[in-house]
Amino acid sequence: MRRSVAIQADVIRDGAIVALPVSELVPGDVVELRTGDLVPADGVALMARNFQLNEALMTGEPFPAAKTTEPCVTSQPAEASNALFAGTSVVGGNGVMLVVETGRRTRFGMISAELLANDPPSALEQGVQKLGLLILKLTLFLTLFVLLAHLVAHRPAMESFLFAVALAVGLTPELLPMVMTVTLARGAQRMAKRQVIVKRLSAIHDLGAMDTLCVDKTGTLTEARITLAAHFDPAGRPSDRVLELARLNSAFQTGIHSPLDEALLAADSPPGSSAWTRLAEIPFDFERRCLSVLATRDNDRFLIVKGAPEAIMDRAVAVEVDGLARPLDDSHRAALVRLQDDHARQGFRLLGVAIRTMAPDRPMLRPRTKLS
């Protein structure tokens, strides 16, 4: 059964792609990765095409990490743009990796080995051990004291010994484990009423004995979910047209939706969105930093582009003001930059949206199309 469900990897050996179990990989192997694959080992990217990985297992960040073949120098996994780690998953694009470490030598393998190692004794275990030693010392002292007292009083030796043993048995707290278990279980019940799941009963004591709690913000103080906060025109006013175009771009793309796309699609659809039909697409890539969709409505063709604001402004030749296209001169460009900076300082992540009318005799899309 383990062999039947074992994870396999597409390895290039002797010029051919061979599906091999992950356990048979060795450093130096070249592995092809596609969307949905698990990274089988630690390595570096040899080829990356729109390559995005979910590295929450390693870094705690829930959003996809873009991978490139550009060399980088860092000791932090979250900053290693060309490194791939075992246990992470491909959520977009495809690529080729060179295996560097396998098995227990990978970062995931070392983490697993640390988790399997014996944990240091908790505060509860240390307290119980100290209490046990104290009871043992008191029992031995009282037993020997009673035995010597009986012998000094010239009592029969056997009866004195049996009495001392009975005293030792009586002093042993046989119900101590049960009392501790019941007390900790009661604490777990009280925590459950506050929507907290306790996996180890000893954690109840650790929580009560805690003086200072330090936590990382990732996944603790945030929901790890992007939501749409606003949609506005170049003048900073709310605009349903901007939301409609952004939703159409996200809905018509054929690749895996990013968290930004999911936030746009979760918003209420403006009226008239169903009248559009998708014709073609240029997928997102990290050089263009935008995604282009060719759509039609009422026999008119439009190119709808969504991406990084600076990438959109580099390609745009006009800006829409009050429903009319105005040349994107320096004043309009400076106003857009100020609008972007103001929202960025407030912690918002911005997307730029652009649209252009396309001639019917141009069915193919070209990456460098100018926008308005």
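# A walk through the predicted model

The structure holds twelve salt bridges. Keep in mind as you click around that this is a predicted model. We'll visit some of those bridges, then move on to the strands, a surface patch and a proline.

**Stop 1: the loop after β11.** Select aspartate 322 and arginine 237 and show their side chains. They form a salt bridge, with the closest N and O atoms 2.8 Å apart. Aspartate 322 sits in the loop between β11 (318–321) and β12 (324–327), while arginine 237 sits in the loop between α6 (202–208) and α7, so this pair ties together parts that are 85 residues apart in sequence. Switch on a surface and check how each one is covered. Aspartate 322 counts as exposed, at 60% relative accessibility, and arginine 237 as partly exposed, at 40%.

**Stop 2: from β11 to helix α7.** Now pick glutamate 320 and arginine 241. Here is another salt bridge, its closest N and O atoms being 2.9 Å apart. Glutamate 320 belongs to strand β11 and arginine 241 to helix α7, so the two tie together parts that lie 79 residues apart in sequence. How covered are they? Glutamate 320 is partly exposed, with a relative accessible area of 35%, and arginine 241 is partly exposed too, at 33% relative accessibility.

**Stop 3: the sheet under α7.** Stay with helix α7 and select residues 240–252. This helix lies across β8, β9 (290–297), β10 and β13, and runs at about 90° to β10. Colour those four strands next. They make an open sheet in the order β8-β9-β10-β13, with antiparallel pairing. Which strands stand at the edges? Those are β8 (277–282) and β13 (352–358); each has a single partner strand, so one side of each is left without a neighbour in the sheet. Look at the twist as well: neighbouring strands of this sheet are turned by 25° against each other on average, direction ignored.

Zoom in on β10, residues 300–307. This strand pairs with β13 in the antiparallel sense over seven bridges. For a landmark, label valine 305, which stands opposite alanine 354 in β13.

**Stop 4: inside one helix.** Select residues 330–345, helix α10, and show arginine 345 and aspartate 342. Both lie in this helix, three residues apart, about one turn of the helix. Their side chains meet in a salt bridge at 2.4 Å, N to O. Arginine 345 is exposed, with a relative accessible area of 64%, whereas aspartate 342 counts as partly exposed at 35%.

**Stop 5: a charged network.** Jump back along the chain and select Asp10, Glu32 and Arg34. These residues are linked in a network of salt bridges.

**Stop 6: strand β4 and its partners.** Next, select residues 42–54, which is strand β4, and add β7 (residues 89–101). The two pair in the antiparallel sense over ten bridges. Label valine 44 to find its opposite number, leucine 98 in β7.

What else does β4 pair with? One partner is strand β6 (residues 83–84), antiparallel over two bridges; there, glycine 43 stands opposite leucine 84. Another is strand β5 (residues 65–66), which also runs antiparallel to β4 and is joined to it by two bridges. Glutamine 52 is the residue to label for that pairing, as it stands opposite alanine 66 in β5.

**Stop 7: proline 77.** Follow the chain from β5 towards β6 and you'll find proline 77 in the loop between them. Is it buried or exposed? Proline 77 is buried, with a relative accessible area of 15%. Show the residues around it: leaving aside its neighbours within four places in sequence, proline 77 is in contact with Glu55, Thr59, Phe85 and Arg107. If you want to try the distance tool, go from the C-alpha atom of proline 77 to that of alanine 16, 61 residues away along the chain; the separation is 31 Å.

**Stop 8: a nonpolar patch.** Finish on the surface. Select Met158, Phe161, Leu162, Val165 and Val169, which form a nonpolar patch with about 480 Å² of accessible area together. Take valine 169 as your handle on it: this residue is in helix α4 (residues 157–171). Valine 169 is partly exposed, with a relative accessible area of 48%.

Note on methods: Residues numbered from 1 in each chain as written. Predicted model: local features only at pLDDT ≥ 70, side-chain atom pairs only at ≥ 80, totals over all residues. Heavy atoms only, no water. Pairing = 2+ DSSP bridges. Axes fitted to C-alpha atoms, helices over the stretch in contact; angles between N-to-C directions. Contact = heavy atoms within 4.5 Å. Patch = residues over 30% accessible without salt bridge, like charges linked within 9 Å, V, L, I, M, F, W, Y side chains within 5 Å. Areas by Shrake-Rupley, 256 points an atom, 1.4 Å probe, with all protein chains shown as cover. Salt bridge = Lys/Arg side-chain N within 4 Å of Asp/Glu carboxyl O. Buried < 20%, exposed > 50% of the residue type's maximum accessible area, 1.4 Å probe, protein only.
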